[in-house]
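Subject: Structure handover

Hello,

Here is the structure you are taking over. My notes on it follow below.

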Amino acid sequence: MVNKKGSDITLNDSYLIRKPSIWEILSSEKYFKWMLALPLIVVLLVFMIYPLIFCLYKSFFQVSLSGNALFIGLQNYKTMLRDINFWIPLGRTFQVTVICIVAELLIGLGLGMLWNRDFKGQNIIRGLILMPLLVAPLILSIVWNFLLEYNIGFVNQMLAAIGLTRVKWWDPSGALYTICAITIWQWFPFSASVLLAGLKSLPKDVFEAAKVDGAKGWFVFRKLTLPMLSPLIIIITLLRTMWLIRLFDPLYGTTRGAVNTELLDWMVYRTSFVYFDIGYGSTLAIMSLFLTMIIGAIMFRQLIKTLNATS
Amino acid sequence: MQPVKTREGENLKNQGITFKRVLFWVITILVLVGILGPLLWIYLTAFKSSSDIFAGTLSRQLIFTPTLENFKRLFVQFPFFKSLGNTLIMSLGSTVLVLIVALPAAYSFARWNTGGGHILFNTIASRMFPGVVAAIPFFIVFRQINLLDTHIGIILLYMYFNVSFATFLLYGFFRDVPVELEQAAMIDGYGRFNIFRKVVLPLVLPGIATTSVFCIIWSWNEFLFSFLFSRKVATTVTVLISSFWGSIDVQYGTMAAGAAISILPTLIAAWFMQRYIVRGLTFGAVKG
């Protein structure tokens, strides 16, 4: 077939002869899916891989305030290993993560069991407990900082009014636990809602059968309820670890890393943006990322295992 | 008519039930007061004069003459509306960008399992990526290309920080669309793009709405990036409110007034999105 200039070709004919256009190639079955995912891949490369490489690179340098970089090899890492200002916040971060998750799960499980029945106003109550979840953690922490103020704070005034002694909430020995409490306060509605949803969806006949067999409450809870809820408990643990390991806002709103409350990300922030030590800051950031990744990998594997086992 | 024994037994049982019911409501109400109290307290404090705020007595904390002086000071002395506007622009702008990136990608993962799950895994892993790790290089790059303290700079950071969440959440919604529908549309002669636009998109509209609201709220609440990357022009409302705290005289009243306004949208969203909150917060893993 010769394509003469000016001749009329029908659409079908032209389709047969000419090469497919770029648009046609890209929307073909083979490439279309990659086309769709491409923007995301670019974003991940730019916003994830680039900072990673940058920090890794800078971690081998001593960067002065004026920006001059001096290659010092592994010196930053050696410093870090001996730096008590790295290990203590790291330990505290684990402490906070464990305390918060355990408390949230226990309270959540308790409330889930309590509310797993039909009662008047159940929908309203379930809606109301979600209220703090979407409020900015920073603002809530500032508010709590005020509520827990020693002299004029509402909580201490209440305690004094009912004859108890005022508590030094921001004492160096207890401030970390106060921060835990604030975080737990904001997030226990999350675990309570998830577990309540889980309890509601459990098959009723299994429990009735257990009752017929004469199983007692605690036994049923341990052998039936808990195993059936375990995928949800793992999801909560996983997600909360992800958030808690990055805890930053509540620190800014309350102690700003003082009184023994400095956590992992706050330490990276302080080194990089207060002291502007980019080299050492990058080292700490890489370490923080590395530890997060290890925990993430373990937990994701566990999550997938549990989901496979139950489904 | 009934034997006495049984009636007594029933009475005892009823008492047990009544006691349990009372206990149930006591706990429930305590939990509700505990949760809602601090939030209500923000609104109370916002209308208190500073002499009432700093009064050392409980009665003046609870019973006081409402005043608008905190709001007046907030609006006149501080760039509150400007920062509220900034927050709004950044939240909406970043959410639009997030949807442009996440929507097609989520569809691709849900329909073709693109990348065999590895890309999706990396997407979710990026949510664990410490904000400060990204902040260091971007601070230096942004300084070089003059993006520090600009709306676009912060919008880009917010997009980065929401995109993994949005992709994952949308992925779940796309998976709920039956493949058969798309196959039927294909037989009817629809092209790929039209299937997406005319068949799939209308079905995931609730999912897109949920995802958008969550992205807007996360950006609305965001603090680390806006704190590090804004100075004067692009300050967000969280940064402004945090500044009431650190100064020498602590401005609790102004802070409460600012908080009262800025958390209102999130409270309203929490109430109207009840059904989707659990699903959103668990990245779609739990369909509450």
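Please keep in mind throughout that this is a predicted model.

Two backbone angles may be worth a look at the start, and both belong to the later part of chain A. The loop that joins α12 (249–253) to α13 (264–274) of chain A holds A:Arg256. Its phi is positive, near 50 degrees, and the residue is not a glycine. As for its surroundings, A:Arg256 has 14 C-beta neighbours inside 10 Å and therefore counts as partly exposed, since the buried class begins at 20 and the exposed class ends at 12.

The second case is A:Phe276, which sits in the loop between α13 and α14 (278–310) of chain A. A:Phe276 is not a glycine either, and its phi is positive at about 50 degrees. Because 13 other C-beta atoms lie within 10 Å of A:Phe276, this residue is partly exposed.

Next, a glycine in a helix. A:Gly198 is part of helix α9 of chain A, which covers residues 175–201. Is A:Gly198 buried or exposed? It has 24 other C-beta atoms within 10 Å, so it is buried; the cut-off for that class is 20 or more. Which residues does A:Gly198 touch once its neighbours within four places in sequence are left aside? The contacts are with A:Leu229 and A:Leu232. For A:Ile233, which is 35 residues away from A:Gly198 along the chain, the separation of the two C-alpha atoms is 9.7 Å.

Some totals for chain A. The chain has 311 residues, of which 38% are buried. Its secondary structure consists of 14 helices and two strands. Counting contacts with a separation of 6 or more in chain A, 69% are between residues 24 or more positions apart.

Finally, the contact between the chains. Chain A contributes 71 residues to it and chain B contributes 73. On the side of chain A that touches chain B, helix α3 (residues 29–58) of chain A supplies the largest share, with 16 residues. That side of chain A breaks down by class into 55 nonpolar, twelve polar and four charged residues.

If you want places to open first in the viewer, I suggest the loop with A:Arg256, the loop with A:Phe276 and the part of helix α9 that holds A:Gly198.

Regards

How values were computed
Residues numbered from 1 in each chain as written. Chains lettered and ligands numbered in written order. Predicted model: local features only at pLDDT ≥ 70, side-chain atom pairs only at ≥ 80, totals over all residues. Helix = DSSP H or I, 4+ residues; strand = E, 2+ residues; numbered from the N terminus. Contact = placed C-beta atoms within 7 Å. Nonpolar A, V, L, I, M, F, W, Y, C, P; charged D, E, K, R; others polar.
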